[in-house]
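Me: Got a minute to walk through this model with me? Let's start with the DNA side.
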Number of protein chains: 2
Amino acid sequence: MKATSFDIAYRAGVSQSTVSRALRNSPLVNEETRRKIQAIAKELNYKVDKNARNLRSQQSNTLALLLFEDTDVDESQINPFFLSMLGSITRACSNAGYDLLVSFQEMDNDWHAEYADSNKADGIILLGYGDYTDYREKLVQLHQQGTHFVRFGAEVSDMPVTSIGGDNVSGGKQLTEHLISQGCKTMAFIGTISAAAPEFLGRYQGHKEALEAAALTIDSNLQINAISTEQAGYQATKELLKRGVAFDGLFGASDLIAIGAMRALQEAGLQVPGDVAVVGYDDIPMARVSKPALTTVKQDTLLAGQLLVDNLLAMIAGSKPKTILMPVQLISRESSVK
Amino acid sequence: MKATSFDIAYRAGVSQSTVSRALRNSPLVNEETRRKIQAIAKELNYKVDKNARNLRSQQSNTLALLLFEDTDVDESQINPFFLSMLGSITRACSNAGYDLLVSFQEMDNDWHAEYADSNKADGIILLGYGDYTDYREKLVQLHQQGTHFVRFGAEVSDMPVTSIGGDNVSGGKQLTEHLISQGCKTMAFIGTISAAAPEFLGRYQGHKEALEAAALTIDSNLQINAISTEQAGYQATKELLKRGVAFDGLFGASDLIAIGAMRALQEAGLQVPGDVAVVGYDDIPMARVSKPALTTVKQDTLLAGQLLVDNLLAMIAGSKPKTILMPVQLISRESSVK
DNA sequence: CTGAAAGCGCTTACAG
DNA sequence: CTGAAAGCGCTTACAG
């Protein structure tokens, strides 16, 4: 069957302890002995048993990635924005010699206890926008338990948590200034404005700041709540059109919302960007492909994934939680250029 | 610190063995004793240590998902088609009480030894199209080692491996028949035709069968190799246009290829579908959004993910490998309807 | 530099 | 139904 360190010890004529040391590159081993042992290990196709190692050393060398979804979203669809972070997270983990456990969670599950307490993972990465109110409570519990975790998203007030997120206020501002520069005077905003959705709230705040700076009016009739799906964006925009308040610019709080909004506008016979200029947020792959291609704000997901892992590892090693605000980048495409 | 089964035993006034049994719902425990133990466990926030359990019981209760990429693809991008399976795979795993380890691999790495030998995972799920030649060799090794694994994709000839895949021949045939029904007479095929890419090969075969059945000619000048990226589809189509051979239908071997192809056609001043009808393959989210929306073949990724997990678990439990060919579904959209 | 020994926290025959 | 004991395969003080 599977070779153990005792099998190697026997063949090498040394003790099992020495095998263990040699394989872990301990300096406490004669160079020649080490080479001999490593040769035998290779020959026998030996791999250290992770369960034994982890049990003994009391660490799992594993990180857990938990993805959250709004429960009202189609089960099969994950927000493509978070998916795009998966690549850099897995890569950063494997570079650090860590394994990555991935799981989708409903907000209301018992996930906050599951991973760290069972020694499955040394730390947790949290990804996903959901109802912040539920979420916050679990975060508090995680923190009280002393679990190491990091999350992508807006800063969590009055709690020492490592949050890495894009600068939503700046992104919202840049997009709105861009719309203004294209001549837009009356702008709609589609996306939930609530403390439960701090990302969207930040974008909306930037949006307002830009409007105020340009002395443009903010009409609450031109804002409609929507979660981050194409369908929600479509419905909200149809609802908006029903209200009969004219607008020449539309800010979708996410790309999915904006893409749904464009569909609703086009179905209503409006030209994008001619009649209404549209912008989104996230720069998901779809944004390049939609017609017209969507102007948006890009968050550097590659960097974010790397930072998430690096900071989690640092926390496990004992450093303090911190907040990182990543710069965002405006990507101008056809949907907003009049 | 963290509670152990001994802590619970002490408080409950029973032996540690009884605690273990009670928590695993063994019938060998008095109902009242069990309730008492479970209450204490809950109170202490006790979770079974996975490493200890796994070491003792010699199974990891974990599956590994390995995603492969062509090395020439942008590092940050994963084929959205495979990503869409991630959701159903994680869900199927957690329903079965298994954890899922996710990792991206380069084809040339040592992944085939990494997981099973170290007892990290009881079985492996392989996802991704890559160069089949390299791939096949590793599969043989995995099989020889007795590792349990399943893969999504075309059947592997003369090797007992569980392969679950869509019916590429049927899909290729359906799409081509659809193009013929729209009046196309001369069709281009963009996608690598090689034994190293059996998925595309199957689609091409179905394509040819449909053309032959309709007595249409197959011009090798109208086929160009391309891997599954938008960029490759774009480049190949530009190359095709340079050849100056006229065509009125274009079959992209994947949606990404087809979307790149549409861009090249449109840039060349051709109307899709007016001048050239275009079809793709996979039904990735982008296909709905592109303009014109892309006609394609949908593979049931939800079902596929579930089957992959179910069959891997069955193999671990001792059942024989098998091949499953899943039906595919034509989705007709604007890009092909003249 | 090396070996003997303890022990990580469980599960599971074995005996009662 | 319950307990005492062995043992999964390692790592790591401890002693030399």
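Me: Which element gives the largest share of the surface near DNA strand C?
Reply: α4(B), with 5 residues. Helices here are DSSP runs (H or I, at least four residues), numbered from the N terminus.
Me: Ok, and which residues are closest to strand C?
Reply: A:N30, B:S5, B:S17, B:S20 and B:A52, out of 24 residues that surround DNA strand C. Being near means that the C-beta atom, placed from the backbone, lies within 6 Å of the strand. Elements giving two or more residues are α2 (16-23) and α4 (50-57) of chain A, plus α2 (16-23) and α4 (50-57) of chain B.
Me: Before I go on, what are the ground rules?
Reply: It's a predicted model, so local features need pLDDT of at least 70 and side-chain atom pairs count only at pLDDT 80 or more, while totals for chains, interfaces and linings use all residues. Residues are numbered from 1 along each chain as its sequence is written, with chains lettered from A and ligands numbered from 1 in the order in which they are written.
Me: How are chains A and B related?
Reply: A rotation of 180° with 0.1 Å of shift along its axis superposes chain A on chain B, RMSD 0.1 Å. That makes it the relation of a two-fold axis. The fit is least squares on C-alpha atoms of residues with pLDDT of at least 70 in both.
Me: New topic: how far apart are the centres of domains 2 and 3 in chain A?
Reply: Their C-alpha centres lie 28 Å apart. The bounds come from an automatic or database domain assignment.
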